[in-house]
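Work through the exercises below with the model open beside you. Each task is followed by a stepwise solution.

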Amino acid sequence: MATILPDGQPQLSVVWVGLEGDDVVVSTVKGRRKHLNMLADPRVTILVFPRDRPYSYVEIRGTASMTQEDGIEVVDRLNREYYGTPRHTADDGTDNVRVAVRITPDRVYVRR
């Protein structure tokens, strides 16, 4: 996932991704660099590719909106999809505040 740093340069993060209708959903922690970047400029790009065919990919450019309301639910759902375990436990015992990020696509490019 690419966001835009305050100086205009790109910043990249590896993230879990899911779909909710036509939107892409990811999770982050309030105050992390990508969260701060999206507060200042909500334009983002997501690039997804299969492990066995890295030159085939989907690029999604869009606008991010964020909410704390279902931040934990989103990260738990993504954890189930990626690891098959019931909940994401990495935030246990921390003061992390989870944020759900929904990306509404403006452009989708598929390379097969």
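Helices and strands here are DSSP runs, numbered from the N terminus; a helix has at least four residues and a strand at least two. The model is a predicted one.

**Exercise 1. Place glutamate 20 and describe its surroundings.**

Step 1. Find the element. Glutamate 20 sits in strand β3, which covers residues 18-20.

Step 2. Classify its exposure. The relative accessible area of glutamate 20 is 27%. Partly exposed means between 20% and 50%. Glutamate 20 is therefore partly exposed.

Step 3. List the contacts, leaving aside neighbours within four places in sequence. Glutamate 20 meets Val25, Val74, Arg77 and Arg102.

Step 4. Add a distance. Glutamine 68 is 48 residues from glutamate 20 in sequence, and the two C-alpha atoms are 16 Å apart in space.

**Exercise 2. Lay out the fold and state the overall dimensions of the protein.**

Step 1. Count the elements. There are two helices and seven strands.

Step 2. Put them in order. From the N terminus the run is β-β-β-β-α-β-β-α-β.

Step 3. Take the extents. The C-alpha trace spans about 40 × 35 × 25 Å along its principal axes.

Step 4. Test for compactness. A compact globule of 112 residues would have a radius of gyration near 13 Å. The protein has 14 Å, so the value agrees.

Step 5. Look at contact range. Take contacts between residues at least 6 apart in sequence: 68% of them join residues at least 24 apart.

Step 6. Check the surface. About 7,200 Å² is exposed, and carbon and sulfur atoms supply 52% of it. Of the 112 residues, 36% count as buried.

**Exercise 3. Which side of helix α1 is buried, and what does it pack against?**

Step 1. Pick out the buried residues of α1 (residues 33-40). They are Lys34, His35, Asn37 and Met38.

Step 2. Use the angle. These residues cover an arc of only 160° around the axis, so they lie on the same side of α1.

Step 3. Turn to the other side. Leu39 and Ala40 are exposed there.

Step 4. Find the partners. The buried residues of α1 pack against β1 (2-4), β2 (10-12), β4 (23-29), β5 (43-48), β6 and β7 (98-111).

**Exercise 4. Describe the largest nonpolar core and the contacts of isoleucine 46.**

Step 1. Size the core. It has 13 residues.

Step 2. Name the residues with the most contacts inside it. These are Met1, Val26, Ile46, Val101 and Ile103.

Step 3. Trace the sources. At least two residues come from each of β4, β5, β6 and β7. The largest share, three residues, is from β7.

Step 4. Zoom in on isoleucine 46. Beyond four places in sequence, isoleucine 46 contacts Met1, Val15, Val17, Val26, Val58, Glu59, Ile60 and Ile103.

**Exercise 5. Are glutamate 59 and aspartate 91 buried or exposed, and which polar contacts do their side chains make?**

Step 1. Locate both. Glutamate 59 is in strand β6 (residues 57-67). Aspartate 91 is in the loop between α2 (71-83) and β7.

Step 2. Apply the cut-off. Buried means under 20% relative accessible area. Glutamate 59 has 14%, so this residue is buried. Aspartate 91 has 14% too and therefore counts as buried.

Step 3. Find the polar partners. The glutamate 59 side chain makes a polar contact of 2.6 Å with the side chain of arginine 61. For aspartate 91, the side-chain partner is asparagine 96, at 2.8 Å.

Step 4. List the other contacts, again beyond four places in sequence. Glutamate 59 touches Thr45, Ile46, Leu47, Arg107, Val108 and Tyr109. Aspartate 91 touches Val29, Asn96 and Arg98.

**Exercise 6. Characterise arginine 80 and glutamine 9.**

Step 1. Place them. Arginine 80 belongs to helix α2. Glutamine 9 lies in the loop between β1 and β2.

Step 2. Classify exposure. Arginine 80 has a relative accessible area of 42%, so this residue is partly exposed. Glutamine 9, at 47%, also counts as partly exposed.

Step 3. Read the contacts, not counting residues up to four places away. Arginine 80 touches Thr85 and Pro86. Glutamine 9 touches Thr3 and Ile4.

Step 4. Finish with C-alpha distances. Arginine 80 and valine 58 are 22 residues apart in sequence and 22 Å apart in space. Glutamine 9 and glutamate 73 are 64 residues apart in sequence and 31 Å apart in space.

Technical notes. Residues are numbered from 1 along each chain as its sequence is written. This is a predicted model: local features need pLDDT of at least 70, side-chain atom pairs count only at pLDDT 80 or more; totals for chains, interfaces and linings use all residues. Side-chain values use heavy atoms; hydrogens and water are left out. Buried means under 20% relative accessible area, exposed over 50%, partly exposed in between (1.4 Å probe, protein chains only). A polar contact is a pair of N or O atoms within 3.5 Å; within protein, one must be able to donate a hydrogen and the other to accept it, and residues adjacent in sequence count only if both atoms are side-chain atoms. Contact means heavy atoms within 4.5 Å. The arc is that of the directions from the helix axis to the C-beta atoms. The radius of gyration is taken over C-alpha atoms; the globule rule is 2.2 Å times the number of residues to the power 0.38. Accessible areas come from the Shrake-Rupley method with a 1.4 Å probe; for residues, only the protein chains shown count as cover. A nonpolar core is a set of buried Ala, Val, Leu, Ile, Met, Phe, Trp, Tyr and Cys residues joined through side-chain atoms within 4.5 Å.
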